[in-house]
Amino acid sequence: MVYAGDTTQSLEKPVTILTLKKMKESGEKFITVALYDAPMAAMAELSGVEVVLVGDSLGMTVLGYDSTIPVTMEQMIYHIEAVSRGNKKSLIMGDLPFMTYATPEQALENAAKVMRAGAHMVKIEGGEWLADTIRMLSDRGIPVCAHIGLTPQSVNKLGGFRVQGRTPEQARKLISDAMALEAAGADILLLECVPEKVAEEITENISIPTIGIGAGKFTDAQVLVINDILGLTPKPPKFSKNFLIESKDIPSALKKYAADVKTGVFPGEENIFH
């Protein structure tokens with residue numbers, strides 16, 4: 001993508017894992033948006049969004065569930081196929097939903113379904129215990145984004161949607177998990193709702209790109225859910241921002257989000273956990 005000043009342009013060629021690694025090395029932020037349908041996927045490509053996440057967050061944003069837990073493989077495949085039809089240049093990442101990767105063998109079977117549906121990478125939630133699973137997927141040619149911090153599929157175990165890593169012990173565990181997941185073959189690490197300093201330390205000490213959501217401004221990329229970007233969430237989380245307020249239409253809101261991430265304007269202090 002060509003970027004200059006406060007403007008963004010349509011992606012010129014398909015984004016790959018290598019693209020993102022080169023951006024990390026050069027210090028250029030990349031943009032991630034979680035979305036679920038072909039029209040929004042097409043707008044993301046035209047707005048220069050490097051990574052599109054088809055997240056199991058669709059359980060809450062599209063399907064009306066209270067959490068991501070009820071989401072099925074069939075629902076994920078349906079939406080990944082739609083997004084892949086609308087976007088040919090962003091890297092498409094697809095979630096494996098709750099209890100579809102409890103063993104490495106189960107993860108391999110379901111990851112193959114997600115990749116056949118049009119994803120270029122799978123995302124799974126969990127720490128060091130996922131090392132064997134990630135190793136199996138990576139060895140068989142399936143790129144993986146590992147997701148640590150607040151892992152929504154574990155909301156019942158965590159006692160709610162709570163910031164993770166605020167105590168020294170929790171912070172050390174997140175850092176240890178990040179190192180183990182990279183060593184196992186993860187290609188990207190997503191950090192959700194962790195203190196900014198913890199995310200900064202992890203980003204500086206691993207070679208793979210990091211994507212942050214509620215993780216401060218020092219990660220290699222930011223991700224927001226399209227519903228939050230467009231002000232569709234009744235009670236938006238602290239880490240989000242409604243970009244449609246400052247824009248005339250949806251494409252302009254996406255471009256404003258992208259530009260603010262690239263220039264370091266977003267996230268602002270009001271969006272960061274310490």
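Visitor: In which helix do Lys256 and Asp260 both lie?
Guide: This is a predicted model. Lys256 and Asp260 are four residues apart, about one turn of the helix. Their side chains meet in a salt bridge, 3.3 Å from N to O. The helix that holds both is α11.

Visitor: Is Asp260 buried or exposed?
Guide: Buried means under 20% relative accessible area. Asp260 has a relative accessible area of 5%. Its partner Lys256 is partly exposed, at 29%. Asp260, at 5%, is buried.

Visitor: Which residues are linked with Lys256 and Asp260 in a network of salt bridges?
Guide: Side chains of opposite charge can pair when their charged atoms come close. Lys256 and Asp260 meet in such a bridge. The network takes in two further residues, Lys241 and Glu246.

Visitor: Which parts does the pair of Glu28 and Lys262 tie together?
Guide: The two side chains meet in a salt bridge at 3.2 Å, N to O. Glu28 and Lys262 lie in parts 234 residues apart in sequence, so the bridge ties together the loop between α1 (17-26) and β3 (30-34) and helix α11 (residues 250-262).

Visitor: Which relative accessibility does Lys262 have, and is it buried or exposed?
Guide: Glu28, on the other side of the bridge, is partly exposed at 30%. The cut-off for buried is under 20%. Lys262 falls under that cut-off and counts as buried, at 13%.

Visitor: How many residues apart are Lys113 and Glu109 in helix α5?
Guide: Their side chains meet in a salt bridge, 4.0 Å from N to O. Lys113 is partly exposed at 34%, and Glu109 is partly exposed at 49%. About one helical turn separates them in α5 (residues 104-116), and the spacing is four residues.

Visitor: How many salt bridges does a search of the whole structure find?
Guide: Lys113 with Glu109 is one salt bridge. Glu28 with Lys262 is another. The search of the whole structure gives eleven.

Visitor: Is the pair of Tyr257 and Phe266 stacked or edge-to-face?
Guide: A pair of aromatic rings is described by the distance of the centres and the angle of the planes. For Tyr257 and Phe266 the centres are 6.2 Å apart and the planes 70 degrees apart. Planes over 60 degrees apart count as edge-to-face. Tyr257 and Phe266 are therefore edge-to-face.

Visitor: Which residue do ring pairs link with Tyr257 and Phe266 into a cluster?
Guide: Tyr257 is buried, at 0% relative accessibility. Phe266 is buried too, at 4%. The cluster also includes Phe243.

Conventions: Residues are numbered from 1 along each chain as its sequence is written. This is a predicted model: local features need pLDDT of at least 70, side-chain atom pairs count only at pLDDT 80 or more; totals for chains, interfaces and linings use all residues. Side-chain values use heavy atoms; hydrogens and water are left out. Helices (H or I, at least four residues) and strands (E, at least two) are DSSP runs, numbered from the N terminus. Buried means under 20% relative accessible area, exposed over 50%, partly exposed in between (1.4 Å probe, protein chains only). Rings of Phe, Tyr and Trp (its six-membered ring) pair if their centres lie within 6.5 Å; planes under 30 degrees apart count as stacked, over 60 as edge-to-face and the rest as tilted.
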